[in-house]
Amino acid sequence: MEILSVGEKIKRARIYKRLTLKDICDDKISVSKMSCIENGKIAPDDYIIEFLTKKLDVSEDYLRYDVKTQFLHNLDKFKEIEEKDKEEFLKYNIYYSKEYNYYDMAFEFMHLLFNYHIDKSDIDASRRLTSEYYEICRKIDKHENEIKYSMDVGRFLFASGEYIQAANHYNNLEKSIEEISSSNKDELMAQNYYYEAEAYVMAHFYDKALDVASKILDYIPVIKKDSNKADIYNLIAFLCLKTDNEKYEELKSEAKKYYDLSNKIKAQYTYICSLELLKEGKIHEFKKYLCEALELCPKDEGNVYSHFMVDYISELINDDDINKYEELCDDILDYAIKQSDNLIIEKAYYLKAKIFEKNENLISFEMYMNLSLDFLSKLGDNKKLYYRYLEMGKMYYKLKNTKESLKYFNLAINLSKKI
């Protein structure tokens with residue numbers, strides 16, 4: 001994976017063969033020019049490359065494989081890198097692409113690293129990269145890169161639980177997208193509307209989310225991937241269901257057209273159908289459909305609807321008859337653990353805690369509240385953590401554990417200064 005310039009390759013091969021500059025130049029190249037080539041001050045001409053391949057006994061392809069080509073190759077092979085090595089691989093390429101002043105390459109590697117941490121729910125790691133990411137973006141005079149960076153920032157805000165800020169961010173980004181002349185401008189706009197609608201969903205502004213998501217329908221003809229079209233129809237059908245919009249059946253039918261595209265799409269569609277059954281009060285049928293949706297979604301597809309699931313669990317927590325979801329909660333938790341989705345795991349543990357509280361099983365209530373808190377701490381959302389500390393303080397006060405109660409109230413006070 002070592003990144004070497006053409007000059008560095010020549011120098012390394014020369015030293016390996018214990019040759020001096022004069023030895024390899026003969027009467028074909030001046031020593032001063034060869035020194036400049038080795039130090040990267042000038043690029044070698046074709047005749048020099050051909051001459052040196054024979055002199056140093058290396059392949060011509062090896063010498064012509066310049067730094068930028070190596071970076072492009074590494075971008076292509078990123079998906080093949082083992083999971084445990086991906087972060088180090090990206091950091092290495094960012095460092096050397098900056099060293100060689102290939103900031104366009106550094107930007108692409110940083111984009112991958114930034115989103116890699118978000119996908120892993122490591123929000124703090126992404127936060128630590130924001131200033132470096134911004135500085136790299138500034139060094140490239142390319143509007144499309146600014147759009148890409150801004151969309152990543154929106155994704156970061158969303159993953160951090162700052163849903164209204166994320167929605168506003170995407171809304172402000174619309175004007176910038178309109179100004180670009182890129183061939184995929186319309187697809188970018190559709191994607192931006194989709195993310196904005198998702199953010200409003202998580203903020204429980206369903207009417208606003210539907211207004212935004214409905215705009216995407218105008219862009220359906222330019223969207224190339226059927227899987228993206230399926231995501232859009234599933235999202236809008238979900239919102240129509242949540243808002244009692246009369247277009248629900250029509251949008252559900254459109255989503256159904258893509259049902260056999262993949263298990264991911266089937267899972268999304270089945271999930272929406274399960275919510276329809278829940279709304280009709282058909283708890284048994286609802287559980288059957290939801291469990292089917294959870295089983296359909298393969299791990300390698302990623303967390304297909306984790307944010308909708310979090311929104312859904314939040315609604316269950318507020319149900320007066322919360323006990324009826326105990327068995328279902330275990331199924332959701334199993335799914336979340338298989339997917340390694342900390343967002344859903346935290347919510348599932350919290351739901352179980354509230355069920356035990358309702359049943360006055362205070363020992364289990366305390367245990368699951370602490371499990372939930374452990375995962376919430378990993379997500380790095382200080383605002384949610386502040387309110388959870390307050391809730392933990394109240395819980396221990398109720399359990400007559402004054403020491404623990406004061407501990408969590410103090411944690412909340414200290415955290416309030418950072419919000």
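Which residues line the second largest cavity? In this predicted model, the lining is formed by Ala 159, Gly 161, Tyr 163, Leu 343, Leu 376, Leu 379, Asp 381 and Lys 384. The volume of this second largest cavity is about 40 Å³, and the structure contains two cavities of 30 Å³ or more. When the residues of this lining are sorted by class, five are nonpolar, one is polar and two are charged.

Tyr 163 and Lys 384, which both belong to the lining of the second largest cavity, also appear among the residues closest to the centre of the second largest pocket, where they are joined by His 204, Ser 314 and Lys 347. The second largest pocket encloses about 610 Å³ of space, and 25 residues contribute to its lining. At least two residues of that lining come from each of the helices α11 (163-179), α18 (306-317), α20 and α22. By class, the lining of the second largest pocket comprises nine nonpolar, six polar and ten charged residues.

Two of the helices that supply this pocket lining, α20 and α22, are also packed against each other, with residues 342-358 forming α20 and residues 382-398 forming α22. Their axes lie 14 Å apart and are inclined at an angle of about 25°; since angles under 35 degrees count as roughly parallel, α20 and α22 are therefore roughly parallel to each other. The crossing in which α20 passes α22 is left-handed. On the α20 side the contact is made by Glu 346, Tyr 350, Lys 354 and Glu 357, and on the α22 side by Arg 388, Glu 391 and Lys 398. Six of the residues in the contact of α20 with α22 are charged and one is nonpolar, while none is polar.

A further set of packed helices is formed by α7, α8 and α9, in which α8 takes part in both of the pairs described here. Helix α7 (residues 86-99) and α8 cross at roughly 155°, and their axes come within 8 Å; α7 and α8 are therefore roughly antiparallel to each other, and their crossing is left-handed. From α7, the residues Lys 86, Glu 87, Phe 89, Leu 90, Lys 91, Asn 93, Ile 94, Ser 97 and Lys 98 meet Tyr 103, Met 105, Ala 106, Phe 109, Met 110, Leu 112, Leu 113, Tyr 116 and His 117 of α8. This contact of α7 with α8 consists of eleven nonpolar, three polar and four charged residues.

Helix α8 (residues 103-119) packs in turn against helix α9 (residues 123-138), at an angle of about 160° and with the two axes 10 Å apart, which makes α8 roughly antiparallel to α9. Here too the crossing is left-handed. The residues of α8 that make the contact are Tyr 103, Ala 106, Phe 107, Met 110, His 111, Leu 113, Phe 114, His 117 and Ile 118, and those of α9 are Ala 125, Ser 126, Leu 129, Thr 130, Glu 132, Tyr 133, Ile 136 and Cys 137. By class, twelve residues of the contact of α8 with α9 are nonpolar, four are polar and one is charged. Tyr 103, Ala 106, Met 110, Leu 113 and His 117 of α8 are thus found both in the contact with α7 and in the contact with α9.

Technical notes
Residues are numbered from 1 along each chain as its sequence is written. This is a predicted model: local features need pLDDT of at least 70, side-chain atom pairs count only at pLDDT 80 or more; totals for chains, interfaces and linings use all residues. Side-chain values use heavy atoms; hydrogens and water are left out. Axes are lines fitted to C-alpha atoms, for helices over the stretch in contact, and angles run from 0 to 180 degrees between N-to-C directions. Helices (H or I, at least four residues) and strands (E, at least two) are DSSP runs, numbered from the N terminus. Angles under 35 degrees count as roughly parallel, over 145 as roughly antiparallel, 65 to 115 as roughly perpendicular and the rest as oblique. A crossing is left-handed if the near helix is turned anticlockwise from the far one by less than a right angle, and right-handed if clockwise. Contact means heavy atoms within 4.5 Å. Ala, Val, Leu, Ile, Met, Phe, Trp, Tyr, Cys and Pro count as nonpolar, Asp, Glu, Lys and Arg as charged, and the others, Gly among them, as polar. On a 1 Å grid over the protein atoms alone, a cavity is a set of points where a 1.4 Å probe fits but cannot get out, and a pocket is an open set with protein on both sides within 12 Å along at least five of seven lines; lining residues have an atom within 4 Å of a point. Grid points are joined across faces, edges and corners, and a volume is the space filled by probe spheres set on the points.
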